[in-house]
Amino acid sequence: MLADPVALLRPTSPARQFRTRLVMALAFAALVVALVPLAAIAWYVISKGIAVINLDFFTQDPPGDLSAVGGGIRNAIVGTMEMTGVAAVIAVPVGLLVAIFDVEVGRQPALVIRFVIDVLGALPSIVVGIFVYSLVVVAQGHFSGFAGSIALAIIMLPPIVVTTEEMLRLLPRPIAEGARALGLSRWRSFLSVFLPTAFSGIFTGVLLAISRAIGETAPLLFTALGNNFFSLDMSEPMQGLPLLIYRNALNSAFPAAEARAFGAALTLVVIVLLFNLTGRWMVARSRPSGGR
Amino acid sequence: MDEATVDGDVVEAIASGSHVPVAAKADRVTGGVLRVENLTAFYGKRKAVRDVTLDFQPNAITAIIGPSGSGKSTLLRCIDRMHEIVPGGRVEGLVEYRGVDIYDQRVDPAAVRRSIGMVFQQPNPFPTMSIADNVVAAARFNGLVKGKGPERDLMERCLVQAALWDEVKDKLDHSGTSLSGGQQQRLCIARALALAPDVLLMDEPCSALDPVATLQVEQLMTELRASYTIVIVTHNMQQASRVSDRTAFLTMGDDKAGYLVEEGATVQMFTQPRLQLTDDYISGRFG
Amino acid sequence: MAQDDPGATESRGPEGLGSQVLHRRRLTGDAIFRAVTGAAAVLAFALIALMAYDSISSTGPVFDRFGIWGFVTGTRWSPSFTVYGAIPFIYGTLLTGLISVLIAVPIAIGIALLVTEFLPRRVAGPVAMVVDLLAAVPSVVWGLWGLLVLVPTLRPFEQAVAGSIGHVLPFLGPPTPGPSYFAAGLIVAIMIIPIVAAVTREVFAATPRLQREAVLALGGTRWDVIRQVVLPIGRTGLFAAIILGLGRAIGETIAVTLVIGNSTNMAGSIFAPGFTLASVIANEFNEATESLHPEALIALGVVLLAIAVMINGAGVLVRRRFERGLNRAR
């Protein structure tokens, strides 16, 4: 008969086993603590937001007096889409070009460019708002949706450059060498081979950058300013969802404003999640094993 | 600090400097130290090595040789229950250490690993610790040694045993990774010895080392043979013939699983193997 | 493609005049290509540099009036008296940042350890994703919830603490009106947990497998693995993650504005209302009609920028040290 293992080997002392279990329990507790606010905010935004949302909410503009009941957030939704759309139109091509340039150029200049981009990405968004204000708003003499777009474009630029660069650098060697062997010129290679191959990764980066920009308030405060009326004119002050939420939150002593704020918040969160989750889903799809 | 069940015998043995196998009392059960019976190792559904039965001679060096893919390292890792930490890693069959089935439900895998030490192919001293701390780290966190004095004695004794003391005694506070490859590997051996195991598993311990370092480690192995049961996996046949007392030859079968072809005294295996396949491998005709 | 030599335009076409024409056309094409991408980069950076220059130069009058040192160390902020000093806001920014880091970092470390050391791989991915959802909620929505839900909920606890320990430790004492540095720190902590946890997770996951196996093969428990190799090897990277979180924290504007109470008083208690650099700019800029008020606010923006650059710069340096250390450990 085989000997009794417990007597023979030196098992781990209960104290050490306890320590492992304790650490695991604490780590789990940390997770729970972090998820409580998530659950709480989800509950509040959904329950209070749904109460206010109906068709009118999306087809009417807010009342001039925020304390008045009724009205909707139409101008804010349209404004956000317009400003973010223009911002993307600016940021995506510029971002792609900068990323391509960074990949093409020698090691030293690339480091400098990357450094500038990193600094840009670390800027507080309100500082970006100030920058755009000092140049664009002052030059124009008034606030405008266009200035807001520029601010959002600056916010979107670093993530787009970083993701695009990474996607290009990760291109498998055979593709790069294949293009060279075919005698393609550099720009042709990019246009016809590299960019299309890296497309889904780049697209995901763009989606995530957009999802971030849509939720930004601070850059719009002194650029687009906000507008109570419906307007498609980018050269005038423009309303955005985050701005509307902010102004109503400041007036949330009034129940109507509070309700409106939550309805708009729910709308904003849904839009952001749409872009965010689509981006993540594309990432998950392209990676067969799905990392940690 | 609060390790209540430190084995008094072991602590005393370590402190007094005499190497005492962890359970000399168990020798009455079976004569041997280590054996393996019908051992099969899986990665998920795939068999990596099948039906190996081997008795490892105590106080001797057994070499496991064979071409790559023959499951040598997998077999080795089954012995100290390191195979199962890989996702999908599973073991069937018997591994008997001093009469104990180490895969028994009641056995704590960590306990097995304290008695059966392992040295890896790539030397892996702890990078954030000094040489001195590296040696005693495991003894410390296993609660086997306490206090500056005993620690220092243990460290010195293990470094002497690992034939490294003279080379590092003046720089014990230097980082563990500041040593050469061969020295690092001997440091890892010293670290393993600090737990007073009686079996040492070595997974291609010299393949990352230069020839000089390789010779140092091989010499160390021959010195350690007297006190430990050593099992070494190697793809270097000359090393196996130089160093080992017994040799086991594994190869990959048609089912892509490794299996034991032949086993015997080293001298015999290398001059007059029983099977043609063994002879083919040893003469370099394949692998 | 990083391995490719940049600017390689040699072509291996057929010999002859035709190939020369092709070659030249290709060179021209590539030259234009490089010019266009370069121009884009230069233009973008130039524009942003111009903006920075315009902003900073507009602060001229303020720094002329008070001196850079005088402004940065000034403790009074009274637009109606044209007195401007940055200290109340620097204090608020650093205090809020400190509170948020103190709360967020332990939680982030716990989550990171859970995901890399304890959870089976299949569960770890979704869990990480759920934590990242915290970051998808826009700042203004956190602020809204913070103002209407968190602050009122916290108030009884704050009062309890202020009424008891607060007598002994004044920074935990009254007043407790609700909106406060503490509320702001808490909200910001919630917002930075995902990024700190994500970076820390990567740091821990980067622990070389060989080191983990060394501890296990020596009879270590999972805690031993954490204590002997994961935490020591990840020490520098963890530090970088903390700095990254702090950098994010000081830049938070809208959520802070809504819950910090907007007061230029520098009360000693964390439960008192206050301001941060970012929140005062958001709060006052659009109604800044007093003399030099807008310029002073922009000057505060410059101070904030300087602090952010310093913190993030430190973070980059630490991260590079971590990567170097990791290569040594392999």
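## Strands β1, β4 and β5 of chain B

Strand β1 (residues 34-43) of chain B and strand β4 (residues 89-97) of chain B are paired in the antiparallel sense, with eight bridges between them. Within this pairing, B:L34 has B:Y97 of β4(B) as its bridge partner. The model in which these pairings are found is a predicted one, and what follows should be read as a description of that prediction.

On the β5 side, β4(B) pairs with β5(B), again in the antiparallel sense, over two bridges. B:Y97 appears in this pairing too, for its bridge partner in β5(B) is B:V100. The two strands form a hairpin with two residues between them, and in that hairpin B:R98 adopts a positive phi near 50°.

## The sheet of chain B

These strands belong to an open sheet of 10 strands in chain B, which follow one another in the order β5-β4-β1-β2-β10-β9-β3-β8-β7-β6 and whose pairing is mixed. The edges are held by β5 (100-101) and β6 (116-119) of chain B; each of them has a single partner strand, so that one side of each is left without a neighbour in the sheet. Helix α7 (residues 181-193) of chain B packs on the sheet, where it touches β6 and β7 (199-203) of chain B, and the direction of this helix makes about 170° with that of β6(B).

A parallel pairing is found between strand β3 (residues 61-65) of chain B and strand β9 (residues 246-252) of chain B, which are joined by four bridges. In this part of the sheet, B:I65 stands opposite B:F249, a residue of β9(B).

## Chain B as a whole, and B:R242

Chain B contains 11 helices and 10 strands. Of its 287 residues, 49% count as buried. When contacts in chain B between residues at least 6 apart in sequence are considered, 70% of them join residues that are at least 24 apart.

One residue outside the strands may be described in more detail, namely B:R242, which lies in helix α9 (residues 237-243) of chain B. B:R242 counts as partly exposed because it has 14 C-beta neighbours inside 10 Å, whereas a buried residue would need 20 or more and an exposed one would have 12 or fewer. The C-alpha atoms of B:R242 and B:T222 are 9.7 Å apart in space, while the two residues are 20 apart in sequence.

## Chain A, a helical chain

Chain A has 13 helices and zero strands. A radius of gyration near 19 Å would be expected of a compact globule of 292 residues, but that of chain A is 25 Å. The C-alpha trace of chain A spans about 90 × 60 × 35 Å along its principal axes. Of the 292 residues of chain A, 52% count as buried, and among its contacts between residues at least 6 apart in sequence, 76% join residues at least 24 apart.

One pair of packed helices in this chain is formed by α4 (residues 74-104) and α7 (residues 145-169) of chain A, whose axes lie 6 Å apart and make an angle of about 40°. The crossing in which α4(A) passes α7(A) is right-handed. The residues of the contact of α4(A) with α7(A) comprise 19 nonpolar, seven polar and four charged ones.

## Contacts with chain C

Both chain A and chain B touch chain C. The contact between chain A and chain C draws on 75 residues from chain A and 81 residues from chain C. On the side of chain A that touches chain C, the largest share, 20 residues, is supplied by helix α2 (residues 14-52) of chain A. By class, this side of chain A has 54 nonpolar, 13 polar and eight charged residues.

The contact between chain B and chain C takes 22 residues from chain B and 18 residues from chain C. On the side of chain B that touches chain C, the elements giving two or more residues are α3 (109-115) and α4 (131-141) of chain B, and the largest share, four residues, comes from α3(B). Sorted by class, the residues on this side of chain B are 14 nonpolar, five polar and three charged.

How values were computed: Residues are numbered from 1 along each chain as its sequence is written. Chains are lettered from A and ligands numbered from 1 in the order in which they are written. This is a predicted model: local features need pLDDT of at least 70, side-chain atom pairs count only at pLDDT 80 or more; totals for chains, interfaces and linings use all residues. Two residues are in contact if their C-beta atoms, placed from the backbone, lie within 7 Å. Ala, Val, Leu, Ile, Met, Phe, Trp, Tyr, Cys and Pro count as nonpolar, Asp, Glu, Lys and Arg as charged, and the others, Gly among them, as polar. Axes are lines fitted to C-alpha atoms, for helices over the stretch in contact, and angles run from 0 to 180 degrees between N-to-C directions. A crossing is left-handed if the near helix is turned anticlockwise from the far one by less than a right angle, and right-handed if clockwise. The radius of gyration is taken over C-alpha atoms; the globule rule is 2.2 Å times the number of residues to the power 0.38. Two strands pair if DSSP finds at least two bridges between them.
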